[in-house]
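Welcome! Please take a look at the structure below, and then let us walk through it together, one part at a time.

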Amino acid sequence: MSKITQKDIAEALGVSISLVSRVLSGQGEKVGISKERIRAVLDFARSKHYVPQSAALALKGKKTKTLGLVVYDFHDPFFARLIAEFQRMAHAMGYSLLLVGFLNRVPDPSDLDPLYKHFVDGIIILGSYGDLDWVENFGDVPVCRVGQGDDPRISFRVSVDELDAARKIVRHLKSIGRRNLFYVSRKTLVHKARFEANLSVAEEEGCSMKFLGERDFPGDFEAGCAAADMALLEGGVDAFVCSTDIVATGVIKRLHEIGKSVPNDYSVVGFDDISFATNYIPSITSFRQPVESFASLAMNFIAKGETKGSFIRRGELIVRESSMPLA
């Protein structure tokens with residue numbers, strides 16, 4: 001079914017296109033159109049799900065009430081939480097979201113086509129670092145990021161306080177007697193920064209921390225499995241600090257396969273607190289990023305033009321079975 005136009009509405013109601021245009025733009029009463037006719041036009045447009053064309057609105061200098069949500073990695077379940085929160089807030093603020101994404105964080109020209117076609121009022125990037133040359137094609141459209149990586153082409157950025165997260169994780173493990181830690185991640189810039197924060201805090205707290213090393217793996221789960229094998233070979237490890245919850249599932253599964261118990265033999269802590277962290281067996285202790293705060297700050301910047309700059313927000317460590325104190 002094709003989209004209904006102002007001409008269709010005018011023909012159906014037996015009025016002029018200019019009258020329909022004035023009503024739908026909110027100018028009806030100002031030009032003397034009766035309340036009854038205004039109501040008839042609005043009711044009919046609503047019943048037919050009329051949506052103004054974004055290109056026409058943009059040419060008139062009006063907001064299209066559409067935001068581009070650019071997701072760096074659709075495979076990462078953490079982004080699902082972010083997308084859901086942005087959708088909730090956008091709906092509450094009267095905005096529509098246009099969702100696009102990249103493969104391996106590198107945009108193909110076709111990935112960006114929807115953003116050009118719909119004349120978005122703003123662009124929100126979900127993800128850290130990555131190529132940003134494509135941003136220059138959007139001129140004065142405000143761009144913000146949820147994630148690590150400052151860039152002059154981004155007016156607003158918000159991310160989690162990695163150092164605070166590391167302190168909460170390491171101090172928790174230390175409090176339950178775990179001082180020989182093994183950090184597990186894939187080869188990405190954001191995970192490298194997360195490791196550096198944990199290493200710094202481990203040194204402050206008198207704990208040791210080994211590292212899987214910057215190695216490529218097909219995914220986070222595979223990195224977790226490899227880390228469990230390496231830690232057992234090297235010995236002297238009693239806890240795993242994981243860059244994501246998916247990494248943590250790989251660690252736990254591999255330990256289970258070789259007859260080791262979590263949390264009796266090893267403690268495991270994840271990051272992001274994705275939905276199934278609480279339903280895994282054992283349930284996974286995880287650092288919860290403040291996605292509600294991220295979405296609120298980013299949406300208010302895009303929709304209301306609030307303060308520019310870079311901001312960090314603190315999250316919360318959710319302690320579950322995978323790192324419960326030993327009896």
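## Two strands and the helix between them

Let us begin with a pair of residues: Gly 68 has Leu 98 as its bridge partner in strand S2. Keep in mind as you read that this is a predicted model. The pairing belongs to a wider pattern, since strand S1 (residues 66-71) and strand S2 (residues 96-101) run parallel and are joined over six bridges. Together with helix H5 (residues 77-92), S1 and S2 form a β-α-β unit, and this unit is right-handed.

Now find Leu 67, which is a residue of S1. Is Leu 67 buried or exposed? Its relative accessible area is 0%, and the cut-off for buried is under 20%, so Leu 67 counts as buried. Setting aside neighbours within four places in sequence, its contacts include Tyr 95, Ser 96, Leu 97 and Leu 98, and also Ile 124, Met 299 and Ile 302. For a sense of scale, try tracing the way from Leu 67 to Gly 177: they are 110 residues apart in sequence, and their C-alpha atoms lie 48 Å apart in space.

## The nonpolar cores

The largest nonpolar core is made of 47 residues, and Leu 82, Phe 86, Ile 124 and Leu 126 have the most contacts inside it. Which helix gives the most to this core? It is helix H11 (residues 291-304), with eight residues. Another core, of 23 residues, lies apart from this one; Phe 182, Phe 217, Ala 227 and Ile 284 are among its members.

Phe 86 is a good residue to click on. Not counting residues up to four places away in sequence, Phe 86 touches Leu 69, Leu 97, Ile 124, Leu 126 and Val 146, along with Phe 294, Ala 295, Ala 298 and Met 299.

## Helix H3 and its two sides

Helix H3 covers residues 35-47, and here is a small check you can follow. At 1.5 Å a residue, its 13 residues should span 18 Å, and the C-alpha atoms at its ends are indeed 18 Å apart, so the two values agree.

Ile 38, Val 41 and Ala 45 are the buried residues of H3. They cover an arc of only 65° around the axis, and therefore they sit on the same side of the helix. These buried residues pack against helix H1 (6-13) and helix H2 (17-24). On the other side of H3 you will find Lys 35, Glu 36 and Arg 46, which are exposed. Just after the helix comes His 49, with a positive phi of about 60°.

## Helix H8, a second example

You can repeat the check with helix H8 (residues 189-204). Its 16 residues should span 22 Å at 1.5 Å a residue, and its end C-alpha atoms are 23 Å apart, which agrees.

The buried residues of H8 are Val 190, His 191, Arg 194, Phe 195, Ala 197, Asn 198, Val 201 and Ala 202. Seen down the axis, they fall within an arc of 160°, so they line one face of H8. The face turned away from them carries the exposed residues Leu 189 and Glu 203. After H8 comes Gly 206, which has a positive phi near 75°.

One of the buried residues of H8, Val 190, is also touched by Gln 148. Gln 148 is located in the loop between strand S4 (143-146) and strand S5 (156-160). With a relative accessible area of 13%, Gln 148 is buried. Other residues that it touches include Tyr 129, Arg 157 and Glu 162.

## Details in the loops

Tyr 129 is worth a look too: it is not a glycine, yet its phi is positive, at about 55°. It is placed in the loop between strand S3 (122-126) and S4, and its 26% relative accessibility makes it partly exposed. Asp 272, in the loop between strands S9 and S10, also has a positive phi without being a glycine, near 110°. At 4% relative accessibility, Asp 272 counts as buried.

Where are the cis peptide bonds described here? One runs from Val 262 to Pro 263, with omega near 15°, and Pro 263 is in the loop between helix H10 (245-257) and strand S9 (267-271). Another joins Ile 281 and Pro 282, with omega about -5°. Pro 282 belongs to the loop between S9 and strand S10 (285-288).

How values were computed:
Residues are numbered from 1 along each chain as its sequence is written. This is a predicted model: local features need pLDDT of at least 70, side-chain atom pairs count only at pLDDT 80 or more; totals for chains, interfaces and linings use all residues. Side-chain values use heavy atoms; hydrogens and water are left out. A nonpolar core is a set of buried Ala, Val, Leu, Ile, Met, Phe, Trp, Tyr and Cys residues joined through side-chain atoms within 4.5 Å. Buried means under 20% relative accessible area, exposed over 50%, partly exposed in between (1.4 Å probe, protein chains only). Helices (H or I, at least four residues) and strands (E, at least two) are DSSP runs, numbered from the N terminus. Contact means heavy atoms within 4.5 Å. The expected span of a helix is 1.5 Å times one less than its number of residues. The arc is that of the directions from the helix axis to the C-beta atoms. Two strands pair if DSSP finds at least two bridges between them. A crossover is right-handed if, with the strands pointing away from the viewer, the path from the first strand over the helix to the second runs clockwise.
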